Amino acid sequence: MSGTSVRRPRVAVSRTALPGDSVSHLATRFDVTAWTAPQPPTPAELAGLVHGCQGLLVLGSDRVDAALLDAAGPDLRVVALASMGYDGVDVAAAVERGIVVTHTPNVLADTTADVAMALILMARRRLPASMDALRRGEWGAFRMDAFLGLDVHGATLGLIGYGQIARAVARRAAGFQMRVQHHHPVRREDDALSRWVPFDELLQTSDVVSVHTPLTQETKGLIGKAEIALMKPTATLVNTGRGGVVDEEALLAALRCGALHSAGLDVMTNEPRTDPSDPLLNEPHLVVLPHVGSATEATRAGMAALAARNIEAVLDGHPALTALPGTPSLPGR
Ligand code: DGY
């Protein structure tokens, strides 16, 4: 017998703490190096981790730029995101290098839509503010005029973007007898759940505006001062998409002067926000969550599993299951 052994492909994983068993599953097939420290790797640490690997599994919050792809070396064939959003990836740089990039559609829309509905209810009915008052001992007596919010049922919901998550929100809104309308670059007339309306009309006529666009050059700052000014003063703005789509300064200013009733954010620019005195975390008419839209055991495990299956497929020579829209499913220039 010769002592030669076939070297298994190498895969880097930017966090070991992933729900489910995807890291141990990958380790049955590949030589896996996972980042185990509690803090995320710095760009230099991630570059060190991925050097010489054929596969890389990352989170949506990791930056995958040309420098990282070059640090990986010429063998890198697939970058699998355990996220739907891919605004942290330089897609052009990856495609230019013949690297497949995948993400996780079809596994998180319902879970994220649940949180969008929760934000709508919490912000519009002022539920966190009433709970805070209760905890402070301020529930003196039942009063007809205390803790008043605005109705969610029967309100008009405007969805900005109409992909998987927005449609899942529309399905839920039907149960609340909401009138649902949306704005999306592709106009379809045959949607039973929601009707397409022009962007400005959506802002002017919706009681709740819920943002569901990816963050791109086109959508950066899409909801700013001028757009908020078009909204009803009784409206609620909710964002479960990406932080940069909403101008947070403009939002705070509108909430403070009563130009907007309320807002709910699961996503912010410059995440994570760790300063307790951050104005965004202390505005009474704003409900904020730490990017938990897809945070259930089952969904996060499903996202990690899909990312792992994409790595396995590509490294086994098969097309990726869920390559980014408009990008190749097989590696190679
Ligand atoms: C996504 O999938 O894009 C979520 O925001 C988690 O990263």
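**Exercise 1. The surroundings of T219**

Leaving aside its neighbours within four places in sequence, with which residues is T219 in contact?

*Solution.* The model is a predicted one, in which local features need pLDDT of at least 70 and side-chain atom pairs count only at pLDDT 80 or more, while totals for chains, interfaces and linings use all residues. Residues are numbered from 1 along each chain as its sequence is written, and side-chain values use heavy atoms, with hydrogens and water left out.

Step 1. Locate the residue: T219 lies in the loop between β9 (208-211) and α9 (225-230), where helices (H or I, at least four residues) and strands (E, at least two) are DSSP runs numbered from the N terminus.

Step 2. List the contacts, a contact being heavy atoms within 4.5 Å: once neighbours within four places in sequence are left aside, T219 is in contact with T213, P214, G244 and V245.

Step 3. Add the polar partner, a polar contact being a pair of N or O atoms within 3.5 Å, of which, within protein, one must be able to donate a hydrogen and the other to accept it, and for which residues adjacent in sequence count only if both atoms are side-chain atoms. The side chain of T219 reaches the backbone nitrogen of T216 at 2.8 Å.

Step 4. Judge the accessibility: T219 counts as buried because its relative accessibility is 12%, and buried means under 20% relative accessible area, exposed over 50% and partly exposed in between, with a 1.4 Å probe and protein chains only.

Step 5. Compare sequence and space: T219 and R242 are 23 residues apart in sequence, and their C-alpha atoms are 9.6 Å apart.

**Exercise 2. The sheet of five strands**

Work out the strand order of the open five-stranded sheet, and state which strands stand at its edges.

*Solution.* Step 1. The order is β2-β1-β3-β4-β5, with parallel pairing, and two strands pair if DSSP finds at least two bridges between them.

Step 2. β2 (31-34) and β5 stand at the edges, and because each has a single partner strand, one side of each is left without a neighbour in the sheet. From one strand to the next, the twist averages 15°, where angles run from 0 to 180 degrees between N-to-C directions and axes are lines fitted to C-alpha atoms, for helices over the stretch in contact.

Step 3. Follow the pairings: strand β1 (residues 10-13) runs parallel to β2 and is joined to it by four bridges, with V11 opposite V32. Strand β3 (residues 55-58) is paired with β4 in the parallel sense over four bridges, and here L56 stands opposite V79.

Step 4. Trace the connections: β3, helix α3 (residues 66-72) and β4 make a right-handed β-α-β unit, right-handed meaning that, with the strands pointing away from the viewer, the path from the first strand over the helix to the second runs clockwise. From β4 the chain crosses through helix α4 (residues 91-96) to β5, again in a right-handed β-α-β crossover.

Step 5. Look at the side chains of β4 (residues 78-81): V78 and A80 point one way, V79 and L81 point the other way, and all are buried. Helix α11 (residues 297-315) lies across β1, β3, β4 and β5, running at about 165° to β4.

**Exercise 3. The sheet of seven strands and two of its residues**

Describe the open sheet of seven strands, and then the settings of H183 and S262.

*Solution.* Step 1. The strands follow the order β8-β7-β6-β9-β10-β11-β12, with parallel pairing. β8 (195-196) and β12 (286-288) are the edge strands, and since each has a single partner strand, one side of each is left without a neighbour in the sheet.

Step 2. H183 is placed in strand β7, and its side chain reaches the backbone nitrogen of F199 at 3.2 Å.

Step 3. S262 is found in strand β11 and counts as buried because its relative accessibility is 1%. Its side chain makes a polar contact of 2.6 Å with the side chain of H261.

**Exercise 4. Cysteines**

How many disulfides does a search of the whole structure find?

*Solution.* Step 1. Apply the criterion, a pair of cysteine sulfur atoms within 2.5 Å; the search finds zero disulfides.

Step 2. Contrast two cysteines: C53 is buried, with a relative accessible area of 0%, whereas C257 counts as exposed at 60% relative accessibility.
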